[in-house]
Amino acid sequence: MSKTKIMCCSVCKKDDISWQVWADELNNVNSSPEDKFVYCDNCEEETIATLKKPVIRVYFETPNHSSCEEVATFTEEKYFDACYRQLEEVAKQEGYILTESFSELEDE
Ligand SMILES: [Zn+2]
């Protein structure tokens, strides 16, 4: 499943930003979010990462959680609310469970 970038540069609003982190030989990241250095490729300097618009992603998940497919992405909670019932209906018909994730809750 591909992930959508949810953070962007607070200066130029582009998402070509990288976090400098400490990692061990197995690629386990050891730093805490506070001491991360963020670099913007577009501004070519250090920046502060800021959240893009909140993103709500909706998934159809099989009851045993073996597979999960992203079916919709919303950037406005009101649209999500408006579509939720229909999505839930479709999920039920197809035998899936409807799950959603809010980007503010960082699910990585
Ligand atoms: Zn920038």
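Helix H1 is hardly covered, the count of buried residues among its 18 residues being one. In this predicted model, H1 comprises residues 77-94 and reaches 24 Å from its first C-alpha to its last, a span close to the 26 Å expected at 1.5 Å a residue. The helix nevertheless contains a kink of about 45°, which is centred on Cys83. Following H1 comes Gly95, a residue whose phi is positive, near 80°.

The chain as a whole has one helix and eight strands, and its elements, taken from the N terminus on, run β-β-β-β-β-β-β-α-β. Buried residues account for 10% of the 108 residues in the chain. Among the contacts between residues at least 6 apart in sequence, 50% join residues at least 24 apart. As to the confidence of the prediction, the mean pLDDT of the chain is 85, with 90% of its residues reaching 70 or more. Among the elements, strand E5 (residues 49-51) has the lowest mean pLDDT, 86, whereas E4 has the highest, 96. Where pLDDT is low, the predicted coordinates should not be read in detail.

Three of the strands form an open sheet in the order E2-E3-E4, with antiparallel pairing. Strand E2 (17-20) and E4 stand at the edges of this sheet, and because each has a single partner strand, one side of each is left without a neighbour in the sheet. The pairing of E2 with strand E3 (residues 37-40) is antiparallel and extends over four bridges; within it, Gln20 has Phe37 in E3 as its bridge partner, while Ile17 stands opposite Cys40 in E3. On the other pairing of the sheet, E3 and E4 run antiparallel and are joined by two bridges. Here Cys40 stands opposite Glu45 in E4, and Cys40 is thus a residue that faces both Ile17 and Glu45 across the sheet. The hairpin of E3 and E4 has four residues between the strands, and in this hairpin Glu44 takes a positive phi near 55°.

Glu45 itself is found in strand E4, which covers residues 45-46. With 10 other C-beta atoms within 10 Å, Glu45 is classed as exposed, because a residue with 12 or fewer such neighbours falls into that category. Although Glu45 and Ile17 are 28 residues apart in sequence, their C-alpha atoms are 9.8 Å apart in space. These two residues belong to the edge strands of the sheet, Ile17 to E2 (17-20) and Glu45 to E4.

A further set of three strands forms an open sheet in the order E7-E6-E8, again with antiparallel pairing. Its edge strands are E7 (68-74) and E8 (97-102), each of which pairs on one side only. Neighbouring strands of this sheet are turned by 25° against each other on average, direction ignored. Strand E6 (residues 56-61) is joined to E8 by six bridges, the two strands running antiparallel. Along this pairing, Val58 has Glu100 in E8 as its bridge partner, and Arg57 stands opposite Ser101 in E8.

On the E7 side, E6 and E7 likewise pair in the antiparallel sense, over six bridges, with Phe60 standing opposite Glu69 in E7. E6 and E7 form a hairpin with six residues between them, and His65, located in the turn, has a positive phi of about 60°. Strand E8 (97-102), at the other edge of the sheet, comes after H1 in the order of elements along the chain, with Gly95 following the helix.

Key: Residues are numbered from 1 along each chain as its sequence is written. This is a predicted model: local features need pLDDT of at least 70, side-chain atom pairs count only at pLDDT 80 or more; totals for chains, interfaces and linings use all residues. A residue is buried if 20 or more other C-beta atoms lie within 10 Å of its own, exposed if 12 or fewer, and partly exposed in between; C-beta atoms are placed from the backbone. Two residues are in contact if their C-beta atoms, placed from the backbone, lie within 7 Å. Two strands pair if DSSP finds at least two bridges between them. The expected span of a helix is 1.5 Å times one less than its number of residues. The bend at a residue is the angle between axes fitted to the seven residues ending there and the seven starting there. Axes are lines fitted to C-alpha atoms, for helices over the stretch in contact, and angles run from 0 to 180 degrees between N-to-C directions. pLDDT is the predictor's confidence in each residue, from 0 to 100.
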